[in-house]
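Subject: Handing over the model

Hi,

Here is the structure I promised to pass on to you. Please have a look at it first, and then read my notes below.

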Amino acid sequence: MEYTIGSIAPIFLAPVLAFVINAFIGNKLPRKGDWLATLSIFVSFIYSAKIFGDFVFGKFATDYFVHKTFTWFDLNYGDFVFKVDMGVYIDNMAAIMLLMVSGVATLIHLFSTWYMDHDERHGRFFTFLPLFTSAMLGLVLSDNLLSLFIFWEIMGFCSYSLIGIYYEKEKAGDASLKAFMTTRVGDVFLLLGMVAIWMVIGSVGYVDIYAAIAEGKFVGQTVLGISLASFAGFCIFMGGMGKSAQFPLHVWLPDAMMGPTPGSALIHAATMVAAGVYLALRMYPLMVIGDLTSFIAIIGAITAFGAATIALVQSDIKAVLAFSTISQLGYMMIGVGVGSYNAAFMHLITHAVFKACLFLSAGSVIHSIHEQEMPKMGGLRKKLPYTFFAMMCCTLAIAGIPFFSGFVSKDRILGDALYFGFMAGQSPLMAIVPILGFAGAGLTAFYMFRMMFLTFFDKPRDHHIYDHAHDEHLDARSNVPLLILTVFTLGFWYCGTLTGQSFGKVFGEKTEWFKILVEAPKVENFVNHSREEFSTVDTRAGVELEKAHYHHQTGYAGPNPDEHKIHTAHTIGAILSIIIAFSGVFIAFLMYIKKSVKPLSGKFPEFTKVLQAKYHFDELYVGIIIQKGLLGLNRFLAWFDMGVYDRFAVDGWAAVNRTLFRASKWFDNVIVDAIGVDGAGVAVNLFNLVLRIVQSGRIQFYFVMLVVVLASYIWTINI
Amino acid sequence: MINLISYLLISLVLFFVGVTVMVARKNIVAILLGIELVLNAAALNFVAYSKFVTNNLDGHIFSLFIIVVAAAEAAVGLAIVIRFFQIKETVHIDEATSLRN
Amino acid sequence: MFIHILFILSATLTLAGAFGVLATKNIMHSCIFLLASLIGIAGLYATMGADFVAVTQIMVYVGGIVILMLFAVMLTGGKDFVSKAQNLLGLAPSMGNKFTYSMGLFVGLVFVLTNAKLLWSVAFSMSSNEVTEAYPSTVNELGHLLIKDHVLAFELSSVLLLGALVGAAIIARPRKQ
């Protein structure tokens, strides 16, 4: 396949075109232009599928990538070099992600055409959704941090618009602002990290960064006393923390549920929150040489466990899904931290699929009963059979039940985490990571099935709602997307074995395609990379890469890999996670179906309240940091500006001017007028008086004067 | 012993007296008399210097011319006095205040 | 010896005459005292050997100018001279007015001091020549000087005298009433 502008650019440009058309004339189009948006995303999907086919079915090489650049601007002048290149960088990871994003986005668009049908914000929704999708696709395609950052910000803006789409609701406006501001904190750090990298290398392209790492350009560089690689890596990871809602920047995601559910499905399941993990995966070599992987793993573990605990006591169905998203993102970050590069990416993909499906199913439930609170639901299994089936499969996936995709990816992460925590020779503190990971897995299974049981099983708790629920029919727009997504929650799409642990190889080598193709980038490969121009002609040299093959790869890129021990850890981990998952399901079953075990919330009411208040993070941020800290600083600065600076520097001049005016007035009146003008007259009068005496007219007086003057002359002459 | 200084002293005193006359007397003619005294003192001075210092006769010449000029000046001055008397009917010096102020 | 006597007499006459001019109330007496003083000065000239100047002094000054003054006094009513005006301080002036005398004395003092400065620098640096008995006659030499060296002054003085003559006659001529 030829990689030219014509074959890559439509992925990104088709949705942008839909955005532009919908923005200007969307209201005049039939159905407010939603079909146009869906069509544009489908076009992106076609092109992405072509690329995916070329990478996976055509080339099938681990280290294969396509890198094309074009110069955005070039400010070279003598010694001063400032050149910014933009371009595309497609490797296996990007190809898979493109397919996932465009595919999921197409299904979500299709679903939204049904969901938002009688909504008054229908047109606005379909203006921003394709823009958002194009930003995500552009982000995946981009080859440098700068264009990633541009698309990052576009996504942030679209998220702000979509969350606050019902702008008449004050809570929606607050929530959208909160989302934007919290991710902004991360974005500032991301920009700082980019600047730090630029200072060392002079460019922020991935390839340049990998080459610089291989050449050791980061060694010995420090900023403010810490190594530059750590600083840059930390800042970039902060950006990822903001976008992927890691602790402590996770507070925006629960409030983002104010937006319409399909929007949440795209933003908070498949795309935007995945962008942070994608960034961490791309910058993985930087994190390695910056020694940040342990930090990332701990943050991920805290997030995974903490969010799971909060989700235990939520009563809104969308809130449960929001916290489960935060928790699963924590797992992805654990994967990045412990070195489980491949499994982290796989979890990203699988999570996108089943979380999108879960959100869409929740949207279907909400659409039919017009209610979000789970205590009011119950027994909807009969009313919404297709939705129930889809949601059940996805819940099984997320809970980590074998044969489903979620189990494959999560188990691999936990296995590597087990190895990392206990056997890789790290400090004992790292044991927290697998412990929290497994605990969180158990809680995940528990609360997801709690959600299922409360919603679909049992007897309906509110008969009014139950009676008025719309029955579900198989419809191309409302059910089929869910079912299509459900198909891909099965495990064997991603790995050849049914359990993901290569216990039983069923279909041969190529079925482990995911594990083979996606690997942490080897920085040595990028050292002498030559640039290819992104144009209408493909100028790659016909290089044949060695076709990858399955060779006992562990997929573990962390410290101290020992194949045998890793295998042991994975085995233990698999057994452990199966046990934990099933026990979680069983406990939920006991609590909510059999009702033989009372929910623990009754036994620990104060702790329940703390969990329901999300560990009081909102109060901490708003009440203490913002109200007392920032607003206090704001008040101080305002006081300083108005009271001190304005008073002295600005108003003070008025006082100075007044004083100068009074002084000059005095000067004018006294010195100039009185002394100068009047004084001249008085002096003349005085002299007049004197002269009148002299000019007496008496001759003898004149003569006396004459003699005196003459004498004075003689006295003054030196004889 | 008569030397230069004695003549100079005499001329000094004469001059002093002449100036006093000019200042102290109220009659215009008396003032003209004082002027004559002053002129004579000067002439005496010149002749004394001519005798004792320069040993030529330039001082004498100058004294002669002083006499000539004094005569002319006295004539004109007295004509003015007479005219003044014809107008003011008096010769008091304080009546000559037309140039006052 | 003769010289010294002549000198003393002439000096006394000169100074007495000068003081007399100053002191007397009567204007006629002042004129006579001036006459005496001028004769004394002529004598002083004689002691210095300035024979021509002495004689000229008597002929012109004494015989001409003082007579003229006397005529003027007689023509302007000097005897009946009474002053109505006031002096500088508004007091009625008389001959013995203290203020006018003190003014005159002040002026004289100024002059004396001035001259003392002059004289001091001049007089004692001169060689002290004495007056001797025998003098050459100055007439010949004065004649030569007047014609040769100072001829301009001579001619100009004659013009001056002409002018004075005409002017005086015009100024003092009687007016038609």
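**Chains C and B**

No salt bridges are found across the interface of chain C and chain B, a salt bridge being a side-chain nitrogen of Lys or Arg within 4 Å of a carboxyl oxygen of Asp or Glu. The rule does find nine residue pairs in polar contact across the interface of chain C and chain B, both residues at pLDDT 80 or more. A polar contact here is a pair of N or O atoms within 3.5 Å; within protein, one must be able to donate a hydrogen and the other to accept it, and residues adjacent in sequence count only if both atoms are side-chain atoms.

Before I go on, a word on the ground rules. This is a predicted model, where local features need pLDDT of at least 70, side-chain atom pairs count only at pLDDT 80 or more, and totals for chains, interfaces and linings use all residues. Residues are numbered from 1 along each chain as its sequence is written, chains are lettered from A and ligands numbered from 1 in the order in which they are written, and side-chain values use heavy atoms, with hydrogens and water left out.

Back to the interface of chain C and chain B: six helices of chain C, α1 (2–23), α2 (27–47), α3 (51–75), α4 (98–123), α5 (139–148) and α6 (151–171), each supply at least two residues of the side that touches chain B. Helices (H or I, at least four residues) and strands (E, at least two) are DSSP runs, numbered from the N terminus. That side of chain C has 54 nonpolar, 22 polar and six charged residues. For these classes, Ala, Val, Leu, Ile, Met, Phe, Trp, Tyr, Cys and Pro count as nonpolar, Asp, Glu, Lys and Arg as charged, and the others, Gly among them, as polar.

In all, 82 residues of chain C and 68 residues of chain B take part in the contact, with contact meaning heavy atoms within 4.5 Å. The area buried between the two chains is about 6900 Å², and carbon and sulfur atoms give 81% of it. Buried area is the accessible area (1.4 Å probe) that two parts lose on being put together, summed over both.

**Chains A and B**

Between chain A and chain B, about 1000 Å² is buried, of which carbon and sulfur atoms give 61%. A:R698, A:Q700 and A:F703 supply 50% of the area that chain A buries against chain B, more than any other three residues. Helix α25 (residues 699–716) gives the most to this side of chain A, with six residues. The residues of that side divide into five nonpolar, four polar and two charged. The contact joins 11 residues of chain A to 14 residues of chain B. The count of salt bridges between chain A and chain B is zero, and so is the count of residue pairs in polar contact, with both at pLDDT 80 or more.

**Inside chain A**

A cis peptide bond, with omega about 0 degrees, joins A:F247 and A:P248. A:P248 lies in the loop between α8 (228–243) and α9 (252–255). A:F617, in helix α24 (residues 617–694), touches both partners of that bond as well as A:H250 and A:V251, leaving aside neighbours within four places in sequence. A:F617 and A:P248 are 369 residues apart in sequence and 8.4 Å apart in space, C-alpha to C-alpha. A:F617 is buried, at 15% relative accessible area; buried means under 20%, exposed over 50%, and partly exposed in between (1.4 Å probe, protein chains only).

A:T444 in helix α18 (residues 432–456) is also buried, at 0%. Not counting residues up to four places away in sequence, A:T444 touches A:S327, A:Q328, A:Y331, A:I398 and A:K410.

**Cysteines and backbone**

Why is there no bond between A:C357 and A:C394? The closest cysteine sulfur to that of A:C357 is in A:C394, 3.1 Å away, which is too far for a bond. A disulfide is a pair of cysteine sulfur atoms within 2.5 Å, and a search of the whole structure finds zero over all chains. A:C357 is buried at 0% relative accessibility, and A:C158 is buried at 0% too.

Two residues other than glycine are worth a look for their phi. A:F403 has a positive phi of about 80 degrees, sits in the loop between α16 (385–399) and α17 (405–423) and is partly exposed at 47%. B:E89 has a positive phi near 60 degrees, lies in the segment after α3 (58–88) of chain B and is exposed at 58%.

Best wishes
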